[in-house]
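Thanks for making time this morning. I would like to walk you through a few helices, and I will keep to what the coordinates support.

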Amino acid sequence: MDVKDGDIYQKGIWNLSPENKPDIYFALEPVHEKKISFYTDIDSISFNVIPDSNYNFIILLNGKDTCYTQISTIKPSKQTELNTASLNNIESELLRKDFTFFREALEKEHAGLYRYKNKIILNKLFDSCFAALNHPMSQLEFAKSIAFLISSIEDGHTGTNLSRLLMNYYGENEKMFPVYVYFINAKAYVLCSSIKELPAEAEILSIDNKPIAEIKKTLLQYLPSDGKIETKKNQVLNNGAFCFLYNWIFGNKNSFTVRYKTKQEEIKTTKINAAFVKDFECDNRNELSNKKDLQLDFPEKDIALLTVKTFDDNKLAGKQNFRDFLETSFKEINSRSVSKLIIDLRGNAGGADAYGALLYSYLTRKPFKYFYSIESTTNKITVEEDSLLGLQQPQNNSFNGKVLFLINGVCFSTTADFCSIAKSNNRGKFIGEETGGGYYGNTSGQTTKVGLPNSKIDIIIPKFKYVNDVKKVKYADRGIIPDYTILPTVHEVILHKDVQLSFALKLVREK
């Protein structure tokens with residue numbers, strides 16, 4: 001599960017634990033009036049919280065297990081001791097037992113374990129990491145091996161509670177690199193800063209004499225994603241994770257020497273002191289709009305803009321109905337005789353498989369295939385069990401005009417599947433950046449949670465390998481690569497300028 005705590009978005013930090021009654025999430029420091037939201041793959045819930053209060057709710061797991069969950073803004077008396085326990089050494093024998101348990105669980109349950117790397121290569125990586133467990137380590141030190149191997153599997157649906165562990169420890173106990181860093185391609189910029197010597201929009205060239213490109217390359221080795229895709233990892237770094245990962249991988253420091261380039265192209269060097277994350281919170285997040293999850297607009301007479309921020313039915317629960325929205329929207333698009341449609345999928349991390357196929361059924365006049373195969377480590381799914389393996393039919397009121405798709409690195413899972421079908425059938429042009437999900441499919445569906453008993457690290461393993469029914473492309477380990485790669489400058493990010501939508505509107509007017 002993901003948690004947004006105030007302005008801090010924490011990807012995959014929370015796992016459902018029915019055995020804990022309640023399972024308590026403690027608000028990040030500083031505790032003040034703010035919004036805290038929980039996001040599962042099928043639902044979300046938000047609370048406006050104030051200090052010294054508890055907020056209780058229930059999450060239903062797998063349709064049957066009741067998870068009593070609590071958000072607490074009351075700082076527990078032993079919180080610091082719990083956090084610093086992350087640094088207590090664990091004997092090497094116990095670490096090796098955890099590691100073996102981790103490896104065997106992946107080999108038994110993970111249907112896409114060898115999707116991008118063959119068994120020989122992965123076995124060598126596992127053996128190498130196992131051999132390095134020859135001395136006592138702390139939980140967070142051992143976690144580096146787990147994160148590195150999960151990243152090496154190259155499957156973005158394989159999760160852990162490491163984000164939560166890092167946030168809990170570093171957010172409370174350690175001073176960190178005190179700047180919000182924003183990556184655009186290979187370059188890194190200051191998104192916002194309270195440090196006079198290192199202003200917003202400055203380009204960071206190196207930290208402690210290590211080139212920023214080298215730093216980024218190292219950090220990406222500990223983040224999961226499908227195949228060789230980096231855009232999803234960039235989104236994680238750009239959402240505030242950089243300082244946590246930097247400290248975790250490169251070690252705690254009291255100060256940093258930063259070489260940077262000003263907006264005036266001057267090269268300068270400055271020394272900055274480490275700070276607690278609560279002391280350099282950044283409000284300037286990369287949020288382009290406050291639109292609804294599903295929205296239809298007509299920016300011009302002959303142009304429709306369909307915003308689809310989620311395929312997740314439960315995120316829409318009580319607010320919007322996905323099927324009704326599509327039916328109503330395409331009726332209105334056709335009634336207005338619109339000939340040009342822009343579909344904005346940016347920020348859509350996925351949801352129900354059926355909704356990806358449903359959306360495409362409104363964009364074609366011909367029957368189409370969606371999934372080629374679905375299988376677990378023990379079973380192959382039949383068309384009788386999942387109709388998305390069969391021939392899909394178009395809608396009677398489907399749209400036959402020109403289509404442009406806006407995509408970014410958050411486009412994952414179902415969203416990437418939908419984009420693959422649209423790309424394979426040459427339905428329209430793609431604008432933005434490469435999707436975070438793979439072109440040929442993903443490993444997702446049901447998951448199994450494995451708790452490592454000695455290190456207390458949780459592993460989430462996806463159980464079904466999905467293969468999309470698509471034409472071959474050049475790269476087997478990449479996402480949907482846009483026809484037009486359009487990225488904002490850091491200045492445009494700060495001003496919240498939507499350069500990708502602007503480009504799409506300009507392109508659609510010209511043709």
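Let me begin with a single residue: in which helix is the place of Thr 415? Thr 415 sits in helix α10, and please keep in mind throughout that what you are looking at is a predicted model. With a relative accessible area of 0%, Thr 415 counts as buried, because the limit for that label is under 20%. If we leave aside residues up to four places away in sequence, Thr 415 touches Phe 311, Leu 345, Asn 348, Ala 349 and Gly 350.

Widening the view to the whole of α10, which spans residues 414-424, we find a helix that is mostly covered, with 10 of its 11 residues buried. Among them are Asp 417, Phe 418, Cys 419 and Ile 421, and the buried residues of the helix pack against α9, β20, β21, β23, β24 and β26. After α10 comes Asn 426, whose phi is positive, near 55 degrees.

Now to a second place, the pairing of α5, residues 162-173, with α7, residues 231-250, which pack at an angle of about 85 degrees with their axes 10 Å apart. The two helices are therefore roughly perpendicular to each other. On the α5 side the contact is made by Leu 162, Leu 166, Met 167, Tyr 170 and Gly 171, while α7 contributes Phe 244, Leu 245, Asn 247 and Trp 248. Sorted by character, the residues of this contact divide into 7 nonpolar and 2 polar, with no charged residue.

Conventions: Residues numbered from 1 in each chain as written. Predicted model: local features only at pLDDT ≥ 70, side-chain atom pairs only at ≥ 80, totals over all residues. Heavy atoms only, no water. Axes fitted to C-alpha atoms, helices over the stretch in contact; angles between N-to-C directions. Helix = DSSP H or I, 4+ residues; strand = E, 2+ residues; numbered from the N terminus. Parallel < 35°, antiparallel > 145°, perpendicular 65-115°, else oblique. Contact = heavy atoms within 4.5 Å. Nonpolar A, V, L, I, M, F, W, Y, C, P; charged D, E, K, R; others polar. Buried < 20%, exposed > 50% of the residue type's maximum accessible area, 1.4 Å probe, protein only.
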